[in-house]
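Student: I should like to learn how to read contacts, cores and domains in a structural model. Could we work through a case together?

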Amino acid sequence: MKNKEPLILAVVVIFSLITYYLVEPYAHHVMHKHVESEHFAYADLPALTPGGDAARGQELVMGAGACTGCHSIEAAGVPAAMEPQMAAASYGVNPPDLSNAGVVYDERFLADLIKNPTHALKVEHKYTEESGKTHPMAQFFGAGGDIDLEAADMVAYLKSIAVKAEDLTPKMAYENACGRCHAMSYENWTQIGEKGSFKFKKDELAFNIKVLEYEDSLKAYMGKLPPDLSMYIRSRGEHFVSTFVENPQSQLEGTAMPRVGVTAEAAEKVIEHMKDAGDTKRDERESIGMNVMIYIVIFAIFALLWKKQVWRDLH
Amino acid sequence: MAHFTKATSVKDWLNQRLAIDKVEKVMMSEYWIPKNINFLWAMGMVLVITFALLVVSGIFLLMYYVPTVEEAFYSVNYTIMREVDFGWLWRHVHGVAASVVFLIIYIHMFTGIYYGSYKKGRELIWVSGMLLFVAFSAEAFSGYMLPWGQMSYWAGMVITNLFSGGSLHADGLVEWIRGDYVPAQAFLGRFFMLHVLLIPLAILGLIGLHFGALRIPHVNNQDGEEIDFDKEAKKYLAGDKAGSKVMRFANDFMSKDMMVVGIFLVFFFYLVFWNYGFAMDPVNFDPADGLKTPAHIYPEWYFLWSYEILRPFSVDIGLIAFAFAQVIFVLLPWLDRSPNAVPANRRGLFAIWFWVMLVNLIVLTAMGKLPPEGMFSQIGFVSAILFIVQWLLLPIITMFEKKV
């Protein structure tokens with residue numbers, strides 16, 4: 001009689017695939033808003049005024065721009081005025097060190113941030129007139145000249161002191177862009193820095209207290225404690241993380257999280273660091289996967305040959 | 001006392017004490033299988049292999065898993081996924097096998113329904129199989145609690161809430177099951193015990209019963225043919241292997257089992273290494289948080305159809321419909337009034353009943369995952385009604401079925 005097995009196999013496979021399609025790709029498409037990447041172009045922000053000069057920028061950053069009133073610039077020998085938890089108590093969050101701001105953040109974003117922080121950060125909904133709150137970063141109103149050129153000067157200066165793009169490690173990118181709000185416990189990262197090992201229990205406790213104090217200020221500033229990102233690459237996936245970093249409002253309207261303003265390269269590094277925390281075995285998975293596949297295919301071929309041999313006598 | 005002689009070989013020594021030759025005949029070489037069966041008959045062996053993968057990977061995971069609410073998430077996502085050599089591999093194998101085992105169970109089940117393999121002495125095979133389905137469901141649910149992620153916590157909350165019985169407000173029962181007002185340490189501890197001890201024991205016992213129930217009636221065949229196993233076996237043993245309608249379980253059918261297992265494992269390991277997302281829900285990679293309800297709470301795909309029978313109705317009716325869906329499959333051998341143990345395509349209306357049931361379960365599965373809004377809730381409602389109506393109609397349409 002006719003062999004029905006190919007037909008039966010087709011029926012089983014088709015029904016399985018339809019079920020898979022409906023409960024996985026289709027259901028997720030319905031449940032989750034799809035946000036297209038804008039490739040970190042920041043097209044809503046004006047282009048940088050050409051002619052920015054690092055030397056003039058340095059004067060502004062150190063002088064009239066008053067950046068160093070709050071920000072440290074370790075690379076230029078300007079140390080932090082206070083410990084992170086003290087800074088957070090004053091500002092809500094520790095103002096970032098600007099040493100590598102020029103390589104981590106996009107230039108348009110930086111220029112706009114200097115002139116109008118809530119606009120660049122997309123947190124204007126938090127700092128409305130009714131709220132009575134003002135953003136901890138003061139707006140730069142210009143030092144007497146063309147304000148756009150002055151902003152470009154400062155950006156040029158920040159770029160001049162930053163490490164080269166190829167020297168920016170994934171860890172540095174994460175610590176600069178995310179690390180002052182988001183802990184990453186699986187990488188020993190706290191919002192006030194890396195948690196090292198302590199010889200004495202009381203030193204560890206003292207460190208933990210600083211972290212807790214910092215987190216209390218951060219909670220008051222953000223409304224809730226920003227989540228630990230150790231497993232976020234698995235819980236949110238690469239596409240979500242990338243588009244969320246690009247513009248948090250696009251995925252979660254009204255969120256307190258500011259736009260981060262990272263360059264496309266820095267965003268890739270941030271994601272790589274998140275993979276280093278939450279998906280550490282991705283390369284091993286690939287290579288072991290290939291080996292297992294080769295082994296199983298050989299097993300299947302032998303099983304097929306054995307079946308053919310045994311069944312030769314049965315027909 | 002039995003008479004023992006000096007053993008002539010190790011085999012003879014064992015034979016005198018364990019009758020291994022006889023056991024081998026009963027279980028393997030003279031366990032007769034009809035020849036007119038197709039690869040769907042190998043699903044039992046595929047299930048055995050998948051269950052073995054679950055047991056072995058589970059044993060490795062058990063060495064490092066910590067069943068406390070403080071440590072569970074960390075022990076899974078940090079210790080097992082990062083620190084333990086190949087811990088990630090065991091976890092992925094375990095997670096994917098837990099999902100794939102249900103795909104195979106459903107194929108196995110619908111094979112039985114299509115070919116009428118629950119009739120004429122095979123009722124107990126069906127019933128023990130359905131009990132295995134229940135035990136595997138409980139095993140899957142209890143295992144899903146263990147990583148103590150957001151979906152573990154909230155699925156645990158939702159499913160244990162079902163036991164309040166709607167308007168009965170049996171909140172005391174829910175608290176008794178949880179050991180607390182909300183899922184917490186007592187809850188995690190008892191589900192851990194259930195997952196690694198009590199339910200696996202029940203599964204092993206039921207597998208024994210399932211195999212035992214199969215031995216006397218033998219497996220069914222794809223033509224609904226009644227085979228005289230004794231006569232055909234004699235023919236085979238007399239040397240007419242090609243003329244006999246039966247073959248040995250081992251090595252004859254076993255070789256085909258292994259061929260199907262080989263192909264299945266290629267598919268399985270492809271999923272383990274390259275497409276595991278469907279079995280490891282992203283939401284469960286967020287640690288459990290009783291103050292943050294996820295936007296969408298849904299069970300794993302294999303529970304979606306029964307979830308959707310619960311969901312479109314008001315609470316009490318939903319629970320009754322849900323309870324109906326849980327037990328009705330067990331009663332199939334008695335609800336099917338037709339004496340025909342032949343493939344569904346030769347049974348008239350029953351063929352339509354079968355395909356509508358299968359498609360409707362897929363529709364219910366899809367609607368169970370999709371948010372219950374607009375069109376989806378209407379489709380879900382109609383499908384749930386259709387499911388119930390189909391079962392009510394089954395005795396009637398089969399009663400008037402012509403004898404073939």
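Tutor: Let us begin with a working rule: two residues are in contact if their C-beta atoms, placed from the backbone, lie within 7 Å. Please keep in mind that this is a predicted model.

Student: With which residues is Val261(B) in contact, leaving aside its neighbours within four places in sequence?

Tutor: With those neighbours set aside, Val261(B) contacts Met45(B), Val46(B) and Ile49(B), together with Ala303(A) from chain A. Val261(B) also belongs to the largest nonpolar core, where it is listed with Ala97(B) and Phe136(B) as having the most contacts inside that core.

Student: How many residues does the largest nonpolar core have, and which helix gives the most to it?

Tutor: The core has 71 residues. Helix α11 of chain B, residues 249-274, gives the most, with twelve residues. A second, separate core holds 59 residues, including Phe40(A), Met154(A), Leu218(A) and Val262(A).

Student: How should I read the packing of two helices, for instance α2 and α7 of chain A?

Tutor: One considers the angle and the distance between the axes. Helix α2 (residues 54-62) and helix α7 (residues 147-161) of chain A pack at about 100°, and their axes are 7 Å apart. Angles from 65 to 115 degrees count as roughly perpendicular, so α2(A) is roughly perpendicular to α7(A). Among the residues that make this contact are Leu60(A) and Val61(A) of α2(A) and Met154(A) and Tyr157(A) of α7(A). By class, the contact has seven nonpolar, three polar and three charged residues.

Student: How many residues does each chain bring to the contact between chains A and B?

Tutor: In general, the size of an interface is often given as the accessible area lost when the parts come together. Here we count residues instead: chain A brings 41 and chain B brings 43. On the side of chain A, α1 (5-31), α10 (232-235) and α14 (282-312) each give two or more residues, and the largest share, 15 residues, comes from α14(A). That side comprises 25 nonpolar, seven polar and nine charged residues.

Student: Where do the domains of chain B lie in the sequence, and how many residues does each give to their contact?

Tutor: Chain B is divided into domain 1 (28-297) and domain 2 (302-404), with C-alpha centres 22 Å apart. Their contact takes 21 residues from domain 1 and 16 residues from domain 2 of chain B. On the side of domain 1, α5(B) gives the most, with five residues.

Note on methods. Residues numbered from 1 in each chain as written. Chains lettered and ligands numbered in written order. Predicted model: local features only at pLDDT ≥ 70, side-chain atom pairs only at ≥ 80, totals over all residues. Helix = DSSP H or I, 4+ residues; strand = E, 2+ residues; numbered from the N terminus. Nonpolar A, V, L, I, M, F, W, Y, C, P; charged D, E, K, R; others polar. Axes fitted to C-alpha atoms, helices over the stretch in contact; angles between N-to-C directions. Parallel < 35°, antiparallel > 145°, perpendicular 65-115°, else oblique. Core = buried A, V, L, I, M, F, W, Y, C linked by C-beta atoms within 7 Å. Buried ≥ 20, exposed ≤ 12 C-beta atoms within 10 Å, placed from the backbone. Domains from an automatic or database assignment.
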